[in-house]
Amino acid sequence: MDYTFEEVLKYIEEEDVKFIRLAFRDAYGVQKNISVMPGELKKAFEDGAAINPKVIAGFEDCPFAQLYLKPDLDTMSILPWRPDHGKVLRMFCNIYTPEGDLYESDTRAILEQAIKKAKEAGIKFKFGTECEFYLFKQDEEGNSTNIPYDNAGYMDIAPADKCENVRREISLTIEKMGLIPERSHHERGPGQNEIDFHYAKPLKAADQLTTFKMVVRTVANRYGLTADFSPMPLSGKPGNGYHINIYAVDKDGVDVVKYAAAGIIEKIREITLFLNPKDESYARLGNSFAPDRANWSSAKKSELIYIENYRGKTRVELRSPDAESNPYLVYALLIHAGLSGIERKLELPEEMESDAEHLPTSKREAGKLALGSDFVKSIVPAGIIKEYTGV
């Protein structure tokens, strides 16, 4: 819903809010924030709250001495683990230049531009997420170990599944913040978990995943555990994936998601760097059911894209991204790639095509493909490309 500034102020007073976190993200989607008192919110809303961009990943080449955070009032949410008196409110922000323009390397703005392009084309996208993470024990000083919280397996139950109560508290905490998880369960790895979300509009889906990861880490720490979203936390065990369910219809409500899937398959090698940003990402691809080719099937084994037709509806699931990728950048690239397929009514290749191209096998290879891609350069600012490639 669209909140007015006056409505937000009334809410702050009624809820006894004393601190407001103005949250933003770096080029990798890592959440950052500054805190202000309620009396400073009007200034932030109208003029922006200043930050130093030179120490933010992906912003180092910013030509401005300061950038400015302006909160999106519709994203306000109480942090339920903070005190009941003197509560803490969190709002996501967009980043602006001193001239009042959206800063080009703000990945939330990049996603908003992609959404605008889709709207102009009469296409509506939604994304659902399936995000995996490990829970590791901490030592006496609160540092993470490599000891999993349990040794349970896929969809096991208690007592083998010791993570059950942690997932339950994560789900309840997220619900208090206005988000509704679809389901949760223990994954195949020891101490590995998955929590899924229903389809949401792209910006909400990205904000939702950012909130989710913050909550998971916070709740895990309260249990004396560390949550790990990295691609390969344990050698020889399943990696952490971030499967993305994709929905796309045209202005008449006609399902066009297969065209979008064909566009994504066509562009996947060029955009893999941003979906899989770590060196260890490429150890996950091709292992333990993670895909390593630009293909699709209805078998749900090791394909890049799984396509399911159920009760007259098509579900497209992209299975290559890492849980530590930046959802704002990922969704922006998927929208643009999907639109390229929809605009040309691009047909899917043969199912599990035998000569389907391999995904990049290293971050270096993925970087070269991104640097040589006019498609990527038309979407991703030079500063972010430099951050990811080092070039």
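I started at isoleucine 170, which touches Phe133, Ile195, Phe212, Val215, Val216 and Val219 once residues up to four places away in sequence are set aside. The model I am reading is a predicted one.

**Cores**

I then looked up the largest nonpolar core and noted 88 residues in it. Ile170 is listed there among the residues with the most contacts inside this core, together with Phe125, Phe212, Ile246, Phe274 and Ile305. Apart from that core lies another, of 25 residues, and I wrote down Val17, Ile56, Met91 and Cys93 as being among them. As background, nonpolar side chains in soluble globular proteins tend to be buried together.

**Strand 7**

Next I took strand 7, which covers residues 124-138. I find twelve of its 15 residues buried, so strand 7 is largely enclosed by the rest of the structure.

I went through its partners one at a time. With strand 12 (residues 242-249), strand 7 pairs in the antiparallel sense over eight bridges. Phenylalanine 127 stands opposite isoleucine 246 of strand 12. Strand 10 runs antiparallel to strand 7 and is joined to it by seven bridges. Here I met phenylalanine 127 again, with alanine 200 as its bridge partner in strand 10.

Strand 11 is also antiparallel to strand 7, with four bridges between the two. I noted leucine 135 opposite alanine 227 of strand 11, and lysine 137 with leucine 225 of that strand as its bridge partner.

Strand 8 (residues 144-148) pairs with strand 7 over two bridges, in the antiparallel sense. The bridge partner of glutamine 138 in strand 8 is serine 144. Five residues lie between the strands in this hairpin, and glycine 142 takes a positive phi near 85 degrees.

**Strand 11**

I checked the side chains along strand 11 (residues 225-228) and found that they alternate. Leu225 and Ala227 point to one face and are buried, whereas Thr226 and Asp228 point to the other and are not. The two buried residues, Leu225 and Ala227, are those I had noted as partners of lysine 137 and leucine 135.

**Glutamine 208**

I looked up glutamine 208 in helix 5. Its relative accessibility is 7%, which is under the 20% cut-off, so glutamine 208 counts as buried. Leaving aside neighbours within four places in sequence, I list Leu179, Phe197 and His198 as its contacts.

**Pockets**

I turned to the largest pocket, with a volume of about 1000 Å³. Its lining has 33 residues, and Asp74, Thr75, Leu203, Lys204 and Asp207 lie nearest the centre. At least two lining residues come from each of strand 5 (77-78), strand 6 (87-96), helix 3 (107-120), strand 7 and helix 5 (202-222). By class I have 15 nonpolar, five polar and 13 charged residues in this lining.

The second largest pocket has a volume of about 510 Å³. I count 25 lining residues there, with Glu130, Tyr154, Glu187, His243 and Lys300 nearest its centre. Strand 7, strand 9 (181-186), strand 10 (192-200) and strand 15 (313-318) each give two or more residues to this lining. Its classes are five nonpolar, six polar and 14 charged.

My last note is that strand 7 supplies residues to the lining of the largest pocket and to that of the second largest pocket.

Technical notes:
Residues are numbered from 1 along each chain as its sequence is written. This is a predicted model: local features need pLDDT of at least 70, side-chain atom pairs count only at pLDDT 80 or more; totals for chains, interfaces and linings use all residues. Side-chain values use heavy atoms; hydrogens and water are left out. On a 1 Å grid over the protein atoms alone, a cavity is a set of points where a 1.4 Å probe fits but cannot get out, and a pocket is an open set with protein on both sides within 12 Å along at least five of seven lines; lining residues have an atom within 4 Å of a point. Grid points are joined across faces, edges and corners, and a volume is the space filled by probe spheres set on the points. Ala, Val, Leu, Ile, Met, Phe, Trp, Tyr, Cys and Pro count as nonpolar, Asp, Glu, Lys and Arg as charged, and the others, Gly among them, as polar. A nonpolar core is a set of buried Ala, Val, Leu, Ile, Met, Phe, Trp, Tyr and Cys residues joined through side-chain atoms within 4.5 Å. Buried means under 20% relative accessible area, exposed over 50%, partly exposed in between (1.4 Å probe, protein chains only). Contact means heavy atoms within 4.5 Å. Two strands pair if DSSP finds at least two bridges between them.
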